[in-house]
Amino acid sequence: MSDKLKIYCKNIEEYVDFNGGENLLDIYNRIADRIDFTPVCARVNFKTEDLRFPLFSPKHVEYLPLTSASGMRTYVRSLCMMLYKAVEETFPGTTLRIEHSISKGYYCRLSEPVTADETIAQKLKSKMLELVARDIPFERKERLTSDVIRIFERQGLDDKVKLLRTLHELYTTYYRLEQTCDCYYGQLVPSTGYLKVFDLIYYKDGFLLIPPDSENNTIPATPVKQEKMFAAFTDYLQFNKIVGIRNVGELNEAAEKGNSAMVINVSEALHNKRIATISDEITKRYNEGGARVVLIAGPSSSGKTTFTKRLSIQLMTNLMEPKMISLDDYFVDRHHTPRDESGEYDYESLYALDIELFNSHLSALLNGEEVELPYYNFATGEREFRGNRIRLGKRSVLLIEGIHGLNPELTKDIEKRMKYLIYVSALTTISIDDHNWVPTTDNRLLRRIIRDHKYRGTSAVSTINRGRWVRRVL
């Protein structure tokens, strides 16, 4: 019997010998000819680690390609640090802010006196390509937080200093790329040579850092227009700047000083102001003979129900009589729910809804008839009727919310002028720091876990285990 340490490699479904202290990349290099992709990270005992993670005991290991969710995030974080390195070398003293994802890329700004334009974008891209050609290792370090704070102070990374001072952690992990140091809350690739596929283009007074295409990772993704989304992000980032909370460090400071209630109240006031503006427009269109049906859609756990309730209140202040319908209550009984390619119930399919019943009720309501709305019991997976009857009055407007609210197939028999369409999304505009943002999908997944537990009798483990379709709709 061999006394050698072993990992179980899921990719080849075999045990592999290793020496204590070897890292994942060392082991991969010995079995590379048996794995048909180049990994960018690995899952060790089901936790994602970078390829320089050292092993000292038996583990379950799965190497992950760029095409995996963890692989793409690892690649994008590495691109961000390489961009920071390029900015530091090309425009010393300039602050780089990576603000949010948009248009299949990541929107970045530079501080004054550098003004973004096509020439600046090309200079930075050329520097990044030079860094790729040099194949510089990303070195993972762990030091006393006080030491890391001093490193970041020397580099002028005040946002990271503020964050580390408010976290009160004894040790901090950071990465070094030659003399450039930075913090990322996840794994990086082993070296810059892995980052051959990307683009950096001038975009709306800033830059768009574009990762590989999710369908063909040999080319950069193709940007798409998201003008309204960009405008929403820009407005809220300006608001964050005004209230003095642009990142988690500043948020932590506000909480420590007892100012968190003020921040919440101002944010709520801004939200209500935006909803009031929408309410005024709906009322105006209603008075002109349209907007009898307001359709509210958005991805899973984006706040559709809360938004609809608040819109209802604002419409009442305009002397309107809102009536609310949730599309979730029109789910077919669970045993009739369509299944996806993996055999799981596909609640995000349009045909998980009883479209015939919904359109029957919608037509009856618009004709002045009374209907009894269904109630979908998520615990039992069955539709119930609990005596909830509604009829539209002279000043009534119908508010319908659900992920398929904007699907034209849902309301194809309703005239366009009678419909008012709203898209809701829980954007995260407060960054962790200037180089790390909170993905909107992560924010909504946390919201979904809480909602499913509180209102649908589903455990957090169950929600996460259904991650394939949850991630698809998030």
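This is a short dialogue on reading some features of a predicted model.

Visitor: Let's start with sheets. What holds the strands of a sheet together?

Guide: Backbone hydrogen bonds pair the strands, in a parallel or an antiparallel way. In this model, take the open sheet of three strands, ordered E8-E9-E10, with antiparallel pairing. E8 and E10 are its edge strands, each pairing on one side only. On average, neighbouring strands here are turned by 35 degrees against each other, if direction is ignored.

Visitor: How many bridges join E8 and E9?

Guide: Six bridges, in the antiparallel sense. For one residue pair to look at, Glu142 has Thr173 in E9 as its bridge partner.

Visitor: And which helices pack on that sheet?

Guide: H2 does, touching E9 and E10, and its direction makes about 135 degrees with that of E10. H4 packs on the sheet as well, touching E8, E9 and E10, with its direction at about 115 degrees to that of E8.

Visitor: Let's stay with H4. Which of its residues are buried?

Guide: H4 spans residues 145–155, and its buried residues are Thr145, Val148, Ile149, Ile151, Phe152 and Gln155. They lie on the same side of H4, because they cover an arc of only 160 degrees around the axis.

Visitor: What covers those buried residues of H4?

Guide: The cover includes helices H2 (69–90) and H5 (158–167), along with strands E8 (139–144), E9 (171–177) and E10 (180–182). Right after H4 comes Gly156, with a positive phi near 75 degrees.

Visitor: How should I read the sign of phi?

Guide: For most residues other than glycine, phi is negative. So two residues here are worth a look, Glu178 and Leu319. Glu178 has a positive phi near 55 degrees and is not a glycine. Leu319 isn't a glycine either, and its phi is positive at about 65 degrees.

Visitor: Where do Glu178 and Leu319 sit?

Guide: Glu178 is in the loop between E9 and E10. Leu319 is in the loop between helix H9 (304–317) and strand E14 (321–326).

Visitor: Are they buried, partly exposed or exposed, and why?

Guide: Leu319 is exposed, because its relative accessible area is 68% and the cut-off for exposed is over 50%. Glu178 counts as partly exposed, because its relative accessibility is 28%.

Visitor: Can we look at Leu96 too? Why does Leu96 count as buried?

Guide: Because its relative accessibility is 2%, and buried means under 20%. You'll find Leu96 in strand E6 (residues 96–102).

Visitor: Which residues does Leu96 touch, leaving out those up to four places away in sequence?

Guide: Leu96 touches Leu83, Tyr84, Val87, Cys108, Arg109, Leu110, Asp434 and His435. As for Thr380, 284 residues apart from Leu96 along the chain, the two C-alpha atoms are separated by 51 Å.

Visitor: Last topic, then. What shows where empty space is left?

Guide: You roll a probe the size of a water molecule over the atoms. Here, the structure holds one cavity of 30 Å³ or more. The largest cavity has about 40 Å³ of space.

Visitor: Which residues line the largest cavity?

Guide: Its lining consists of Asp50, Leu51, Arg52, Phe138, Arg140, Tyr175, Leu188, Val189 and Pro190.

How values were computed. Residues numbered from 1 in each chain as written. Predicted model: local features only at pLDDT ≥ 70, side-chain atom pairs only at ≥ 80, totals over all residues. Heavy atoms only, no water. Buried < 20%, exposed > 50% of the residue type's maximum accessible area, 1.4 Å probe, protein only. Helix = DSSP H or I, 4+ residues; strand = E, 2+ residues; numbered from the N terminus. Arc of directions from axis to C-beta. Contact = heavy atoms within 4.5 Å. Pairing = 2+ DSSP bridges. Axes fitted to C-alpha atoms, helices over the stretch in contact; angles between N-to-C directions. 1 Å grid on protein atoms, 1.4 Å probe; cavity = no way out; pocket = protein on both sides within 12 Å on 5 of 7 lines; lining within 4 Å. Points joined across faces, edges and corners; volume = space filled by probe spheres on them.
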